[in-house]
Amino acid sequence: MSISFAGKQSVITPEGVFIIGTYDENGVPNAMNAAWGMQSDMGEITLMLSKHKTTENFEKTGAFTVAFGTVDTVVISDYFGVESGRKVNKIERAGCHVRRSENVDAPIIDEFPLTLECRVRSWDPGTGYLIGEIVASQADEAILTDGKIDLGKLRPIIFDPSFNVYREIGAPVGKAFSDGLKLK
Ligand SMILES: Cc1cc2nc3c(=O)[nH]c(=O)nc-3n(C[C@H](O)[C@H](O)[C@H](O)COP(=O)(O)O)c2cc1C
């Protein structure tokens, strides 16, 4: 038997744990958590945002970073989503360390092992669609295997809106562009 849910109750999965890093006009770093985002082209990310300290920041700098929430950063990732940089320096409060990206005017948070450095390609405060050009990305050596980003080492998490929990992404279960060939 199939149970019907109303449209707004739909569970769309996976939803990411995207940590958006920005500087304000005084160079104070901030970070927020966003679940609604996706790759929208090669070298392009799209995020759906309400108005936040973060949006005020990248409106001025034209840049932001996106780090990925991981099993080791669950608490700080969630904190970045339940507190506003308008009230408190979240980076300091979380005990995080930041360095300035060499490629865009935005902070890289050392505690996160993988970070995209993005330039604002377009931002529409009406729809809330932020499109970023990924100029470069920084990865800790510890998450690489044969020079490639290894999700098994990164241990990224997703947001589960059904139970309001974070889940770890699991082990590989098949080979892309390959397993389906059996049925061709
Ligand atoms: C799990 C989770 C997912 C979130 N996803 C989004 C999102 O996709 N878009 C958004 O605008 N806000 C989202 N938020 C809310 C912001 O992270 C939150 O309002 C934050 O305080 C904004 O920070 P800022 O004011 O320092 O920029 C999310 C929060 C949590 C905890």
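In helix 2 (74-82), the buried residues are I76, S77 and F80, where buried means that 20 or more other C-beta atoms, placed from the backbone, lie within 10 Å of a residue's own, exposed means 12 or fewer, and partly exposed covers the values in between. Seen down the axis of helix 2, these buried residues fall within an arc of 105°, so they line one face of the helix, the arc being that of the directions from the helix axis to the C-beta atoms. The face turned away from this buried side carries the exposed residues V75 and V82. This is a predicted model, in which local features need pLDDT of at least 70 and side-chain atom pairs count only at pLDDT 80 or more, while totals for chains, interfaces and linings use all residues. Residues are numbered from 1 along each chain as its sequence is written, and helices (H or I, at least four residues) and strands (E, at least two) are DSSP runs numbered from the N terminus.

The buried residues of helix 2 pack against strand 1 (18-23), strand 2 and helix 3, with contact taken as C-beta atoms, placed from the backbone, within 7 Å. Helix 3 spans residues 90-93 and includes R93, which counts as exposed because it has 12 C-beta neighbours inside 10 Å. R93 and I76 are 17 residues apart in sequence, and their C-alpha atoms are 9.5 Å apart in space.

Helix 2 also takes part in the surroundings of the ligand. The shell there holds 20 residues, the closest being H52, T54, G81, S84 and G85, and a residue is near the ligand if its C-beta atom, placed from the backbone, lies within 6 Å of it. Two or more residues of this shell come from each of strand 2 (29-34), helix 1 (53-61) and helix 2, and strand 2 gives the largest share, with four residues. By character, the shell divides into eight nonpolar, eight polar and four charged residues.

The largest nonpolar core has 32 residues, and those touching the most other members are F18, I19, I20, A31, F64, V66 and C118; such a core is a set of buried Ala, Val, Leu, Ile, Met, Phe, Trp, Tyr and Cys residues joined through C-beta atoms within 7 Å. Strand 5 (residues 63-68) supplies the largest share of this core, five residues. Leaving aside residues up to four places away in sequence, F64 touches I20, G21, T22, F58, A106, C118 and G132.

Two hairpins can be followed next. Strand 3 (residues 37-41) and strand 4 (residues 44-48) run antiparallel and are joined by four bridges, where pairing requires that DSSP finds at least two bridges between the strands. Within this pair, Q39 stands opposite I45, and G43 takes a positive phi near 70° in the hairpin, which has two residues between its strands. Strand 12 (residues 157-160) and strand 13 (residues 165-168) also pair in the antiparallel sense, over four bridges, with R167 as the bridge partner of I158. Their hairpin has four residues between the strands, and N164 takes a positive phi near 50°.

Some backbone details remain. Most residues other than glycine have a negative phi, and most peptide bonds are trans. The peptide bond from T13 to P14, however, is cis, with omega near 0°, and P14 is found in the segment before strand 1. R155, in the loop between helix 4 (151-154) and strand 12, has a positive phi near 55° and counts as partly exposed because it has 17 C-beta neighbours inside 10 Å. F177, in the segment after strand 13, has a positive phi of about 60° although it is not a glycine, and is exposed, with 6 other C-beta atoms within 10 Å.

Notes
Ala, Val, Leu, Ile, Met, Phe, Trp, Tyr, Cys and Pro count as nonpolar, Asp, Glu, Lys and Arg as charged, and the others, Gly among them, as polar. Two residues are in contact if their C-beta atoms, placed from the backbone, lie within 7 Å.
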